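Here are a few exercises to work through with the structure open beside you. Try each task before reading its solution.

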Amino acid sequence: MKKIDVIIKPFKLDDVREALSEIGVTGMTATEVKGFGRQKGHTELYRGAEYVIDFLPKVKLEIVVQEEILERCLEVISNAARTGKIGDGKIFVSAVEKVVRIRTGEEDRDAI
């Protein structure tokens with residue numbers, strides 16, 4: 001099993017969720033986060049004063065999938081989240097050693 005952590009622009013959340021649902025991904029966790037990368041934030045004007053916004057609003061998705069569909073998930077996420085502009089986000093993949101469904105006690109493949 002693999003865990004996919006995805007950082008995307010907030011307005012792309014529904015596109016990514018719908019695209020993953022179409023390929024059979026049944027669950028994910030979404031968290032509103034703030035961060036910056038090469039984008040380095042931006043400046044905004046508010047009531048005549050300039051403010052530097054270092055941390056930009058993003059959404060972090062956490063998804064656990066079987067290795068068999070990992071590459072397809074990465075492709076679908078990339079296509080759905082891409083705008084072609086700086087700040088589109090990142091995808092991180094890591095190994096998951098164990099999964100337990102709390103309600104039933106099911107483990108690993110059965111718990112996803």
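A salt bridge here is a side-chain nitrogen of Lys or Arg within 4 Å of a carboxyl oxygen of Asp or Glu. Keep in mind that you're looking at a predicted model.

**Exercise 1. Work out whether Asp-15 and Lys-12 form a salt bridge, and say how buried or exposed each one is.**

Step 1: Look at the gap between the side chains of Asp-15 and Lys-12, which is 3.4 Å from N to O. The cut-off is 4 Å, so a pair at 3.4 Å counts as a salt bridge.

Step 2: Check the surroundings. Asp-15 is partly exposed, with a relative accessible area of 35%, whereas Lys-12 is buried at 13%.

**Exercise 2. Find where the salt bridge between Arg-109 and Glu-68 sits in the chain.**

Step 1: Start with the distance: the closest N and O atoms of Arg-109 and Glu-68 are 3.4 Å apart.

Step 2: Place the two ends. Arg-109 is in the segment after strand S6 (89-95), while Glu-68 is in the loop between strand S5 (56-65) and helix H2 (70-81). They are 41 residues apart, and the pair links distant parts of the chain.

Step 3: Ask about exposure: both Arg-109 and Glu-68 are exposed.

Step 4: Try another pair. Glu-107 and Lys-98 form a salt bridge with closest N and O atoms 2.7 Å apart. Glu-107 is partly exposed at 39% relative accessible area, and Lys-98 is partly exposed at 46%.

Step 5: Zoom out. Lys-3, Asp-5 and Glu-62 are linked in a network of salt bridges, and the count for the model comes to 10 salt bridges.

**Exercise 3. Describe the surroundings of Lys-9.**

Step 1: Find Lys-9 in the loop between strand S1 (2-8) and helix H1 (13-22).

Step 2: Decide on burial. Lys-9 has a relative accessible area of 14%; buried means under 20%, so Lys-9 is buried.

Step 3: List its company. Leaving aside neighbours within four places in sequence, Lys-9 is in contact with Lys-58, Thr-83, Lys-85, Ile-86, Gly-87 and Asp-88.

Step 4: Compare sequence with space. Lys-9 and Val-59 are 50 residues apart in sequence, but their C-alpha atoms are 6.2 Å apart.

**Exercise 4. Put the strands of the sheet in order and find its edges.**

Step 1: Read across the open sheet: its 4 strands come in the order S2-S5-S1-S6, with antiparallel pairing.

Step 2: Pick out the edges. Strand S2 (29-35) and S6 each have a single partner strand, so one side of each has no neighbour in the sheet.

Step 3: Note the twist, which averages 20 degrees from one strand to the next.

Step 4: Look at one pairing. S2 and S5 are joined by 7 bridges, and Glu-32 has Val-59 in S5 as its bridge partner.

Step 5: Add H1, which packs on the sheet and touches S1, S2 and S5; its direction makes about 10 degrees with that of S5.

**Exercise 5. Show which part of H2 is turned towards the rest of the fold.**

Step 1: Lay H2 in place. H2 lies across S1, S5 and S6, at about 5 degrees to S1.

Step 2: Collect its buried residues: Leu-70, Cys-73, Leu-74, Val-76, Ile-77, Ala-80 and Ala-81.

Step 3: Look down the axis of H2. Those buried residues fall within an arc of 165 degrees, so they line one face of the helix.

Step 4: See what they meet: the buried residues of H2 pack against S1, H1, S5 and S6.

Definitions and conventions: Residues are numbered from 1 along each chain as its sequence is written. This is a predicted model: local features need pLDDT of at least 70, side-chain atom pairs count only at pLDDT 80 or more; totals for chains, interfaces and linings use all residues. Side-chain values use heavy atoms; hydrogens and water are left out. Helices (H or I, at least four residues) and strands (E, at least two) are DSSP runs, numbered from the N terminus. Buried means under 20% relative accessible area, exposed over 50%, partly exposed in between (1.4 Å probe, protein chains only). Contact means heavy atoms within 4.5 Å. Two strands pair if DSSP finds at least two bridges between them. Axes are lines fitted to C-alpha atoms, for helices over the stretch in contact, and angles run from 0 to 180 degrees between N-to-C directions. The arc is that of the directions from the helix axis to the C-beta atoms.
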